[in-house]
Amino acid sequence: METVGLEPVLGVAAVLFTIGVAGVLTRKNALIVFMCVELMLNAVNLAFVAFSRHFSAIDGQVFALFVMAVAAAEAAVGLALVILLFRNRVTVNLDDLNLMKG
Amino acid sequence: MTEAVLFYLFSLVAVMAGLGVVLARSPITSALSLVTCFFFLAADYVLLDAHFVAVIQLLVYAGAIMVLFIFVIMLLNLREGSPTAMGGFTPRTILGACFAGLMAVGLAAVIGVLNAGPVAPEVQGEYGTIAQVGNALFASRYLLPFESVSVLLTVAVIGAVVLAKKEL
């Protein structure tokens, strides 16, 4: 049974990554920006798995697992930071965080 | 043939869910959209013969990370339609969309000139099974990165607890 080639999967990964970038650049809510970063990481995982299948090498899948572990660690610390931010400033609006503005 | 059709179907839903993450009004809608995206990406992984990665994606991403996100969103109790909602065609959104579009054009150019050769044949034997992934992780090249990741996760847990405590 013929399966999907390499370029379509990379195209899907590129589209997801672009949507994530658009979200990070556009939204003001810190949590939604964070979720768009997770979307970008998932797009990269899809690209890893696609290459891994194309070359029949398991390394891409192993790397995807590492990306997931790092994303979990990053989510934990990042959400702790968001909670700390909310506790001090009672906002998650990124526009309100302008203490370092010139 | 069926695999390709299923792949395009699942990818289409995943991309639409990704759009839902960016365009939603409330953070909870964004979070649930992202969970949907993760589920359909896991289906894509299964179609790409990455069975272990698909299951771990469901367990870790959809089952742990997104639950943590939803906990935090509900803990902070953000209101829907608050000042952080997408506000139409401001300079911020137009510029953001333009830069993302530029990047999309660049990525499409790279994928277009990628000369990856013929469609890969059926994978042999044990590809993508937990046995082969485990062999790579524990017995082969990736033992040191695996142990480093465990140290990283410990540091992340300690860091999260220290950051969020009221007083040390």
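**Exercise 1.** Is A:Thr18 buried or exposed?

*Solution.* Start with the ground rules: this is a predicted model, where local features need pLDDT of at least 70, side-chain atom pairs count only at pLDDT 80 or more, and totals for chains, interfaces and linings use all residues. Residues are numbered from 1 along each chain as its sequence is written, chains are lettered from A and ligands numbered from 1 in the order written, and side-chain values use heavy atoms, with hydrogens and water left out.

Step 1: find A:Thr18 in helix α1 of chain A; helices here are DSSP runs of H or I, at least four residues, numbered from the N terminus.
Step 2: the relative accessibility of A:Thr18 is 11%, so this residue counts as buried (under 20% relative accessible area; exposed is over 50%, partly exposed in between; 1.4 Å probe, protein chains only).
Step 3: look across to chain B. Skipping residues up to four places away in sequence, A:Thr18 touches B:Ala100, B:Met103, B:Ala104 and B:Leu107 (contact means heavy atoms within 4.5 Å).

**Exercise 2.** Work out how α2 and α3 of chain B pack together.

*Solution.* Step 1: take the axes (lines fitted to C-alpha atoms over the stretch in contact, with angles from 0 to 180 degrees between N-to-C directions). Those of α2(B), residues 27-47, and α3(B), residues 51-76, come within 9 Å and cross at roughly 175°.
Step 2: that makes α2(B) roughly antiparallel to α3(B) (over 145 degrees; under 35 is roughly parallel).
Step 3: sort the contact residues, and you get 21 nonpolar, two polar and no charged (nonpolar is Ala, Val, Leu, Ile, Met, Phe, Trp, Tyr, Cys and Pro; charged is Asp, Glu, Lys and Arg; the others, Gly among them, are polar).

**Exercise 3.** Now do the pair α3(A) and α3(B).

*Solution.* Step 1: their axes come within 11 Å and cross at roughly 5°.
Step 2: α3(A) and α3(B) are therefore roughly parallel to each other.
Step 3: the residues that meet include A:Met68, A:Leu79 and A:Phe86 in α3(A), and B:Ile65, B:Phe69 and B:Leu76 in α3(B). This contact splits into 21 nonpolar, two polar and no charged residues.

**Exercise 4.** Size up the whole interface.

*Solution.* Step 1: chain A puts in 72 residues and chain B 84.
Step 2: about 7000 Å² is buried between the chains, with carbon and sulfur atoms giving 75% (accessible area, 1.4 Å probe, that two parts lose on being put together, summed over both).
Step 3: on the chain A side, A:Arg27, A:Met35 and A:Arg53 lose the most area to chain B, together 11% of what that side buries.

Definitions and conventions
Helix = DSSP H or I, 4+ residues; strand = E, 2+ residues; numbered from the N terminus. Parallel < 35°, antiparallel > 145°, perpendicular 65-115°, else oblique.
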